[in-house]
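Here's a set of exercises to work through with the model open in your viewer. Try each task before you read its solution.

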Amino acid sequence: PHITNEIKQKVYDVAKADGADVVITEIGGTVGDIESQPFLEAIRQVKKEVGPNDTLYIHVTLLPYISAAGELKTKPTQHSVKELRAIGIQPDILVCRTEKTISKEMKDKIAMFCDVQPEAVIENRTASTIYEVPLMMQKEGLDKIALKKLNMDYGPADMSDWEKMVYKINHPQKRIKIAVVGKYVELPDAYISVTEALHHGGIANDAQVKINWVNAEEIEENPDMDLDEVFVGCKGILVPGGFGNRGVEGKIRAIQYAREHKIPFLGLCLGMQLSIVEYARHICGLEDAHSIELDPNTTAPVIALMPDQNGVEDIGGTLRLGSYPCVLAKDSKAYELYGTETIHERHRHRYEVNNDYRAILTENGMKLSGLSPDGRIIEMIEIPAHPWFVATQAHPELKSRPNRPHPLFKGFVEAAIEYKNK
């Protein structure tokens with residue numbers, strides 16, 4: 001009971017902290033998996049505690065299309081619902097993933113054998129863009145039936161702004177190619193927040209962003225690799241976050257290429273730290289510059305632990321996690337993009353820019369454009385001599401939304417378009 005009580009408390013805490021009218025809790029995985037059992041039991045108990053009129057179960061199921069037979073199959077949905085009902089959960093709404101249109105007869109069949117109302121069987125067809133799905137759900141009446149089952153007032157939803165956004169996605173005026181240099185490129189979902197934030201920046205600029213995945217390890221392992229060929233057609237280069245040594249030298253070469261060729265560049269977390277390393281090596285003359293995380297024996301540790309972190313062995317205890325404030329220099333590109341002096345961004349890292357190297361970096365043309373409120377921690381850097389070179393210690397991609405693109409990604413894509421039009 002301690003595990004399920006803790007899960008329930010997390011759900012209730014969200015409501016208390018935010019004063020929310022509705023808390024949406026996603027239970028991942030597949031019904032029947034051992035991993036999800038405590039979570040399903042917890043949400044079963046939630047209904048008992050808060051009451052049936054304040055709880056709604058929406059179950060997402062798959063209707064596979066058998067091409068040889070030319071028909072959708074409902075059996076997987078029926079069995080999935082049967083598994084849920086066996087543990088005491090009766091779905092109120094079924095959202096059915098499908099490649100084909102679900103006929104009225106099939107909806108009636110699913111409703112009959114899964115014990116839901118026919119209007120509670122919602123078709124969720126594969127869309128041209130994931131951002132079209134809310135419009136499709138509204139057309140199916142999901143919003144209306146959900147609010148009705150929760151005894152909440154409902155009226156016609158104004159989706160006009162969302163419709164305009166989806167139209168812009170499907171009818172881009174421009175196309176732009178941006179390179180993302182990482183070591184997990186064989187699994188692009190590892191960078192899903194970054195790529196979606198780039199697409200959000202594209203929407204704001206009426207542009208379709210094409211991602212060119214660049215494997216940092218391949219650059220690292222091939223010193224003679226022609227980067228002109230690697231980045232051909234790319235009008236922007238982004239280096240995201242990451243942990244560990246693999247691919248680091250490849251990322252540094254990519255950053256150097258972006259700086260020297262005046263290509264718009266955005267560095268995130270480790271991407272900012274490696275921007276400092278690259279600049280220290282090739283502009284400040286500190287050939288051995290590195291992060292002590294990656295090279296503990298470096299004679300020029302431009303990235304290091306803060307003094308109060310030294311001696312702490314537990315990496316989890318010294319990670320800077322969550323939202324932190326940052327004060328921007330008013331004459332910086334970052335301030336121009338954000339339009340405000342104090343910002344808040346989410347972090348997940350342990351090492352910081354070593355303050356012993358502030359002077360040599362700024363004397364050689366780097367701008368420390370964002371600092372912590374007490375001035376101790378460098379949060380953002382820029383190179384004023386470069387058309388658009390910005391890097392941040394934070395993860396701004398986590399705050400980007402399709403209809404509210406993050407200022408850094410919006411500005412980065414805009415700079416890439418300007419670079420292309422030169």
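**Exercise 1. In which strand is Ile-378 found? Then work out its surroundings.**

Keep in mind that you're looking at a predicted model.

Step 1. Ile-378 sits in strand β16.

Step 2. Next, check its exposure. The relative accessibility of Ile-378 is 0%, and anything under 20% counts as buried, so this residue is buried.

Step 3. Now list what lies around it. Skipping residues up to four places away in sequence, Ile-378 touches Met-272, Val-353, Asn-355, Arg-358, Leu-368, Gly-370, Leu-371 and Gln-393.

Step 4. Finally, try a distance. Phe-409 is 31 residues away from Ile-378 along the chain, and their C-alpha atoms are separated by 20 Å.

**Exercise 2. Trace the sheet that contains β16, and find which helices pack on it.**

Step 1. Write down the strand order. This is an open sheet of 9 strands, running β7-β6-β8-β9-β17-β16-β15-β12-β13, with mixed pairing.

Step 2. Find the edges. They are β7 (207-215) and β13 (342-349), each of which pairs on one side only.

Step 3. Add the twist, which averages 25° from one strand to the next.

Step 4. Zoom in on one pair. Strands β9 (residues 265-268) and β17 (residues 389-392) run parallel, joined over 4 bridges. Here Phe-265 stands opposite Phe-389 of β17.

Step 5. Place the helices. α12 packs on the sheet, with contacts to β8 (236-239), β9, β13, β16 (378-382) and β17, and its direction makes about 115° with that of β9. Helix α16 (residues 407-420) also packs on the sheet, touching β6 (174-182), β7, β8, β9, β16 and β17. The direction of α16 makes about 115° with that of β6.

**Exercise 3. Which residues touch the most other members of the largest nonpolar core?**

Step 1. The core holds 44 residues, and the ones to pick out are Val-181, Phe-231, Ile-237, Ile-276, Val-302, Leu-361 and Ile-381.

Step 2. Ask which helix gives the most to this core. That's α12 (residues 270-282), with 7 residues.

Step 3. Take Ile-381 as a worked case. Leaving out residues up to four places away in sequence, its contacts are Met-272, Ser-275, Ile-276, Met-366, Lys-367, Leu-368, Ser-369, Phe-389, Val-390 and Ala-391.

Step 4. Don't merge everything into one cluster, though. There's a second, separate core of 29 residues, and Ile-178, Ile-211, Val-390 and Phe-409 are among its members.

**Exercise 4. Is Asn-124 buried or exposed, and what does its strand pair with?**

Step 1. Locate Asn-124 first: its place is in strand β5.

Step 2. Its relative accessible area is 10%; the cut-off for buried is under 20%, so Asn-124 is buried. The strand is mostly covered too, as 4 of the 5 residues in β5 (residues 121-125) are buried.

Step 3. Look for the partner strand. β4 (residues 93-98) and β5 pair in the parallel sense over 5 bridges. In this pairing Arg-97 has Asn-124 as its bridge partner.

Step 4. Follow the connection. From β4 the chain passes through helix α4 (residues 104-114) to β5, making a right-handed β-α-β crossover.

Step 5. Collect the contacts. Apart from neighbours within four places in sequence, Asn-124 meets Val-95, Cys-96, Arg-97, Thr-98, Val-133 and Met-137.

Step 6. Bring in a helix. α5 (residues 133-140) lies across β4 and β5, running at about 150° to β5.

**Exercise 5. Why is one side of β1 and of β5 left without a neighbour in the sheet?**

Step 1. Start with the strand order: 3 strands make an open, parallel sheet, β1-β4-β5.

Step 2. β1 (58-62) and β5 are at the edges with a single partner strand each, so one side of each has no neighbour in the sheet.

Step 3. Check the geometry. Neighbouring strands here are turned by 25° against each other on average, direction ignored.

Step 4. Helix α3 (residues 75-86) packs on this sheet and touches β1 and β4, with its direction at about 145° to that of β1.

**Exercise 6. How many helices and strands are there in the chain?**

Step 1. Count 16 helices and 17 strands.

Step 2. For overall burial, 46% of the 422 residues count as buried.

Step 3. For contact range, consider contacts between residues at least 6 apart in sequence: 69% of them join residues at least 24 apart.

Conventions:
Residues are numbered from 1 along each chain as its sequence is written. This is a predicted model: local features need pLDDT of at least 70, side-chain atom pairs count only at pLDDT 80 or more; totals for chains, interfaces and linings use all residues. Side-chain values use heavy atoms; hydrogens and water are left out. Buried means under 20% relative accessible area, exposed over 50%, partly exposed in between (1.4 Å probe, protein chains only). Helices (H or I, at least four residues) and strands (E, at least two) are DSSP runs, numbered from the N terminus. Two strands pair if DSSP finds at least two bridges between them. A crossover is right-handed if, with the strands pointing away from the viewer, the path from the first strand over the helix to the second runs clockwise. A nonpolar core is a set of buried Ala, Val, Leu, Ile, Met, Phe, Trp, Tyr and Cys residues joined through side-chain atoms within 4.5 Å. Contact means heavy atoms within 4.5 Å. Axes are lines fitted to C-alpha atoms, for helices over the stretch in contact, and angles run from 0 to 180 degrees between N-to-C directions.
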